[in-house]
Every structure is written in structure tokens, then in C-alpha cells.
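This report looks at one protein chain, beginning with its internal space and moving on to its strands, selected buried residues and unusual peptide bonds. The sequence and the structure are shown here for reference.

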Amino acid sequence: MKTRILICSLSILLCVAARAELKWEQNTIDLHPAIGDKQAVARFKYQNTGTTPVRFKSVKASCGCTTTQTQKEVVGPGEKGEIIATFNIGDRTGMQMKTVTVQTDDPNPGQATTVLTLKANIGQALEIKPTFVYWQSGEEPKPKKISIKAAKDFPAKNITVKSNSPNFESKVEPGNAPGEWTIEVTPKDTSHVFGTSLLIQTDYPREAPKSFAVTAQVTNPPAAPPPLRPNPAAPPAPAKSSTPAAIPTPATGARP
């Protein structure tokens, strides 16, 4: 009996001593790519602080715009490494959040799966105001203006504007400062409803200039509200008489 107890105790001690544990330097990385960057890269560093090797079973990104790369499939005790997550920016702007799910052969359920988070705050290359201009049907076809301003770290020197409809004319005028422009859009007529998408293209980056879309449209005038109708269930108001009411005369013999 004592021998069995000793063997069980040794087995428990060995199981406790022999463990795999992958510790991450950080599970969330905030990135601030420059305007014009094509990619945002996050490096998630780790170390096996356990006493047995750790094997990666799968490393999956949350979307097709993010790729992952592992340095090794098996991480020995004490070894360090990193998983590289590369987010392809494309035309995306604003806050972008992507995740990478890592599964290992760690027997501890709480340690086997780790979710890594990449946050990329992508600035807007051009500030466009407004992004939609319109005329009501029958309105005088006067030009409408669109203001364009490039961000400080987006060194565009020129922009061009193209329309997919011959019913609109557009031209670009330089603004008061470098990196500023005004676009004038004019419909040829406003006799009927039609619209177009204006494509604004910059000269930066040279190898892949950025494009932006603005909408111009001739719309129907707003419908007039229906006329108010009297409620047939309501009784007619009593007519006001212009004759003053008669004052009753006191009865005969009555005291004043």
C-alpha cells in the first residue's frame, strides 16, 4: 500500500513538474500606420515558460485581409518566438480590428487557445466636404462646390476628377494652401432625374494612387403635404351673434 501511495505521489509530482506553458508578451497590439502605407504588421512575441515542448496546431486570422506567419511549429522549453500578423490596408480607413486565433497542444484547456488582437487606426488621406451634392428637378443648374483637403502626412500635389456620366461637368481649382482644392460640379440640365459617381484620384502614392468617390444627383422635388380636411365627425361650432343679449326687466313691485 505504501509503495502504491509513493508511486501515485511521484506521478502527480511529475505531472505538475512536466507542463507546457506559452506566455505572450501582449495579446493586443495597437498600430498607427502612416497614410499611404499598404500594410500594418503586428508581432506577437511569446516564450515557453514550461518544461515540455509546445506544438502549434493552428493559427487562423479572422479575415482574408490578414495573413499570419509562425517562426516554428514546436517551441521547446525556454524558447522564444513570435507570430507575425500582416493586415493589408487597401482602401480601408478608420479603426480596423482583426484577430488571430492560436491553438496549441497544451493539455490545460485555459492555455490551449489564445486570441490575439490587431488594432490599426488608419487616417483619412483626403477630407472631402460634402460627399454628396444634388439639385432638385427643374432647379437652375448652378455649380455646386466640394472642398478637398489632404492630410498632413499625405503629400499629394494634384488631384483629378472623372465622371461616369456625360450629363455632369466638373473642374478642379487650387485652394488657398498646398494640399487644398475646390471641385465645381455642374449638371448640363435638371429637366429629369439622373446621377453620377465622381472619381477623385490623387497623384500619391505614385505606384498606387488612391481614389475616392463623390455622388452628384438631380432628384425629384419633395412632395407637397396633403391639404388639411375638416373632421366630419366634429359638430359645427355655434355661430356668434352680433346682437347684445337683452337685459331682463325687474318684475312689478319688486324692490330695486
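## The internal cavity

A search of the whole structure, which is a predicted model, finds 1 cavity of 30 Å³ or more. The space in the largest cavity amounts to about 40 Å³. Rolling a probe the size of a water molecule over the atoms shows where empty space is left.

Which residues line the largest cavity? The lining is made by Leu22, Trp24, Val102, Thr104, Gln111, Ala112 and Thr114, and by class these comprise 4 nonpolar and 3 polar residues, with no charged residues. At least two residues of the lining come from each of strand S1 (22–24), strand S8 (94–104) and helix H2 (109–112).

## Overall make-up of the chain

The protein chain contains 2 helices and 17 strands, and 30% of its 256 residues count as buried. Among contacts between residues at least 6 apart in sequence, 65% join residues at least 24 apart.

## The five-stranded open sheet

Strand S8, which supplies part of the cavity lining, also belongs to an open sheet of 5 strands with mixed pairing, in the order S2-S9-S8-S4-S6. The edges of this sheet are strand S2 (28–31) and S6, each of which pairs on one side only.

Within this sheet, strand S4 (residues 54–61) pairs with S8 in the antiparallel sense, over 5 bridges, and Lys60 has Thr101 in S8 as its bridge partner. In a regular strand the side chains alternate between the two faces of the sheet.

## Val75 on an edge strand

Val75 is located in strand S6 (residues 74–75), and S6 is one of the edge strands of the open sheet. Is Val75 buried or exposed? Val75 counts as buried because its relative accessibility is 0%, below the 20% under which a residue is called buried.

Leaving out residues up to four places away in sequence, Val75 touches Leu22, Tyr46, Asn48, Pro53, Val54 and Phe56. Of these partners, Leu22 is also one of the residues that line the largest cavity, while Pro53, although 22 residues from Val75 in sequence, is 5.4 Å from Val75 in space, C-alpha to C-alpha.

## Glu82 and its partner Arg43

Glu82 lies in strand S7 (residues 80–88) and has a relative accessible area of 12%, so this residue counts as buried. What joins the side chains of Glu82 and Arg43? The two side chains are joined by a polar contact of 2.8 Å.

The surroundings of Glu82, without its neighbours within four places in sequence, consist of contacts with Arg43, Phe44, Lys45, Tyr46, Gln69, Thr70 and Gln71. Tyr46 is therefore shared between two of the residues described here, because Glu82 is in contact with Tyr46 and Val75, which is buried at 0% relative accessibility, touches Tyr46 as well.

## Strands S11, S16 and S17

Strand S17 (residues 211–219) pairs with strand S11 (residues 132–136) in the parallel sense over 5 bridges, and Phe132 stands opposite Thr215 in S17. S17 is also joined to S16 by 8 bridges, with the two strands running antiparallel; here Ile200 has Phe212 in S17 as its bridge partner.

Thr196 sits in strand S16 (residues 194–202) and counts as buried because its relative accessibility is 6%. The side chain of Thr196 makes a polar contact of 2.9 Å with the side chain of Ser163 and reaches the backbone nitrogen of Ser165 at 3.5 Å. Apart from neighbours within four places in sequence, Thr196 is in contact with Ser163, Asn164, Ser165, Phe168, Val214, Thr215 and Ala216, and Thr215 is the residue in S17 that Phe132 stands opposite.

## Cis peptide bonds in the loops

Where in the chain does Pro130 lie? Pro130 is in the loop between strand S10 (126–129) and S11, and a cis peptide bond, with omega at about -15 degrees, joins Lys129 to Pro130.

A cis peptide bond also joins Tyr204 and Pro205, with omega again about -15 degrees. Pro205 is found in the loop between S16 and S17, the two strands that run antiparallel and are joined by 8 bridges.

How values were computed:
Residues are numbered from 1 along each chain as its sequence is written. This is a predicted model: local features need pLDDT of at least 70, side-chain atom pairs count only at pLDDT 80 or more; totals for chains, interfaces and linings use all residues. Side-chain values use heavy atoms; hydrogens and water are left out. On a 1 Å grid over the protein atoms alone, a cavity is a set of points where a 1.4 Å probe fits but cannot get out, and a pocket is an open set with protein on both sides within 12 Å along at least five of seven lines; lining residues have an atom within 4 Å of a point. Grid points are joined across faces, edges and corners, and a volume is the space filled by probe spheres set on the points. Helices (H or I, at least four residues) and strands (E, at least two) are DSSP runs, numbered from the N terminus. Ala, Val, Leu, Ile, Met, Phe, Trp, Tyr, Cys and Pro count as nonpolar, Asp, Glu, Lys and Arg as charged, and the others, Gly among them, as polar. Buried means under 20% relative accessible area, exposed over 50%, partly exposed in between (1.4 Å probe, protein chains only). Contact means heavy atoms within 4.5 Å. A polar contact is a pair of N or O atoms within 3.5 Å; within protein, one must be able to donate a hydrogen and the other to accept it, and residues adjacent in sequence count only if both atoms are side-chain atoms. Two strands pair if DSSP finds at least two bridges between them.
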